[in-house]
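Visitor: I would like to learn how to read strands and buried residues in a model such as this one. Could you take me through it step by step?

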Amino acid sequence: MIYEMRTYMLKPGTTPEFEERFAEAMPHRQKYSRLGAFWHTEVGPLNQVIHVWPYEDMAERTRVRAAAAQDPNWPPRSQELIMSQETEILLPAPFMRPLEPRQMGSIYEMRIYAYQNGAIPEVLKRWEGLIKERESHSLLAACWYTDVGALNKFIHVWPYRDFAERERVRQESRRNGHWPPPTREFLLRQENKLLAPAAFSPLK
């Protein structure tokens with residue numbers, strides 16, 4: 001399984017219009033493959049939307065995108081709202097559950113780490129040993145590392161009911177000293193975004 005993450009920077013104030021147009025076009029796109037998740041930023045770089053598409057492999061992605069490109073109703077007619085676009089191909093961590101439609105939270109925290117070249121296998125190993133304990137506090141929505149795009153990126157996504165739950169869970173998970181995993185020796189950069197799912201997102 002691979003995941004394509006597409007990140008669009010929109011003109012200020014146009015996120016509701018972009019999501020409306022995207023929702024109208026979605027039934028046409030879903031004929032070819034399903035959407036995994038769709039969020040917009042609430043905290044972090046504003047006016048950003050992120051959509052995630054699961055595929056079995058790169059061959060399926062190529063086939064699906066070629067078929068969807070022939071559909072007169074896809075992509076949504078929203079080019080004048082978009083300032084920039086980027087796409088990355090992500091591989092799931094071995095402990096990540098498949099990205100399936102489910103109700104998980106009203107806010108999602110996406111944490112994006114850049115690690116030293118070659119460190120990802122060791123990072124995954126250290127995470128795998130501690131993720132069960134961390135999920136006793138709240139479930140992991142997704143965890144990926146980049147295969148195509150900016151390399152050595154590690155992305156993890158955590159859902160919460162609200163900001164108060166996020167604060168409580170983060171404090172509780174650190175109390176016993178087992179979290180976060182000891183990967184700081186490899187860490188180059190960190191950033192995070194707080195996201196809200198679109199009304200049509202399968203992951204909410």
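Guide: Let us begin with strand pairing, bearing in mind that this is a predicted model. Strand β4, residues 82-92, pairs with strand β6, residues 142-148, in the antiparallel sense over four bridges, and within that pairing leucine 90 of the one stands opposite threonine 146 in β6.

Visitor: With which strand does β6 form a hairpin, and how many residues lie between them?

Guide: The partner is β7, with four residues between the two strands, and in the turn glycine 149 has a positive phi of about 120 degrees. Strand β7 covers residues 153-160 and pairs with β6 in the antiparallel sense over four bridges, while cysteine 143 stands opposite histidine 156 in β7.

Visitor: How should I think about the side chains along a strand?

Guide: In a regular strand, the side chains alternate between the two faces of the sheet. For a single case, take glutamate 4, which is found in strand β1, residues 2-10.

Visitor: Is glutamate 4 buried or exposed?

Guide: Buried means under 20% relative accessible area, and glutamate 4 counts as buried because its relative accessibility is 1%. Its side chain makes a polar contact with the side chain of arginine 6 at 2.8 Å, and, leaving aside neighbours within four places in sequence, glutamate 4 is in contact with residues including His51, Trp53, Arg61 and Glu88.

Visitor: Why does proline 16 count as exposed?

Guide: The cut-off for exposed is over 50%, and proline 16, which lies in helix α1, residues 15-29, counts as exposed because its relative accessibility is 59%. Proline 16 and asparagine 47 are 31 residues apart in sequence and 9.7 Å apart in space, C-alpha to C-alpha.

Notes: Residues numbered from 1 in each chain as written. Predicted model: local features only at pLDDT ≥ 70, side-chain atom pairs only at ≥ 80, totals over all residues. Heavy atoms only, no water. Pairing = 2+ DSSP bridges. Buried < 20%, exposed > 50% of the residue type's maximum accessible area, 1.4 Å probe, protein only. Polar contact = N/O pair within 3.5 Å; in protein donor to acceptor, adjacent residues only side chain to side chain. Contact = heavy atoms within 4.5 Å.
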